[in-house]
Amino acid sequence: MLPGEHVRLDLPESVGAVPLPTQAGHSDVLPKLTYWYITEFIVELLIVFGAMVLYFVDSASDVFLAIGYYSAGYYLYFALTLLFVAIPGIVVAGFSVLFYITDRSETKQP
C-alpha cells in the first residue's frame, strides 16, 4: 500500500466505508469508527443486561405467585404454576445440552 492510501472497511451502510489512516494527519477518521463500535457495544450490553434482569424478575414473580397459592390453600393452582415454570426450563436446558453436544462433536475439540 502506498502512503496516503486508505483501507476500506466493510461496515453497515448506515455508517458507510470509513477509511483507516495510513499516515499521520488522518486522525479525524478514527473517532467516527470508534464511536460506532462503542455505541454498538453499549446498546448490546444494555440489551443483554435488560434480558437477564427481566428473566430473574419473571422467575421471582412466578415463585412468589406459587407461594401465595400454596399459602391460600389453592394447591391445584400451586401445582399448575410450578408445572408451567418447570417444564419450559427443562425444555430450554435440554436444548442447550443438545446444542452443546452437537457443537462439540462438529468442532472435534479435545
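How many helices and strands does the chain have? In this predicted model, the chain contains 2 helices and 2 strands. Their order along the sequence follows the pattern β-β-α-α. Both strands therefore precede the helices when the chain is read along its sequence, with strands and helices assigned as DSSP runs numbered from the N terminus.

The chain as a whole was then examined for burial and surface. Of its 110 residues, 6% are buried. The chain exposes about 9200 Å². Carbon and sulfur atoms supply 72% of that exposed area. Contacts across the sequence were also counted. Among those between residues at least 6 apart in sequence, 6% join residues at least 24 apart.

Two residues of helix α2 were considered in turn. This helix spans residues 75-107, and T81 lies within it. V85 lies in helix α2 as well. T81 has a relative accessible area of 13%. That value is under 20%, so T81 counts as buried. V85 has a relative accessible area of 37%. That value falls between 20% and 50%, so V85 counts as partly exposed.

Which residues does T81 contact, leaving aside its neighbours within four places in sequence? The contacts are with D62, L65, A66 and Y69. D62 also enters the description of V85. V85 and D62 are 23 residues apart in sequence. In space, their C-alpha atoms are 7.2 Å apart. D62 thus appears twice: as a contact of T81, and in the C-alpha distance to V85.

Terms used:
Residues numbered from 1 in each chain as written. Predicted model: local features only at pLDDT ≥ 70, side-chain atom pairs only at ≥ 80, totals over all residues. Heavy atoms only, no water. Helix = DSSP H or I, 4+ residues; strand = E, 2+ residues; numbered from the N terminus. Buried < 20%, exposed > 50% of the residue type's maximum accessible area, 1.4 Å probe, protein only. Contact = heavy atoms within 4.5 Å. Areas by Shrake-Rupley, 256 points an atom, 1.4 Å probe, with all protein chains shown as cover.
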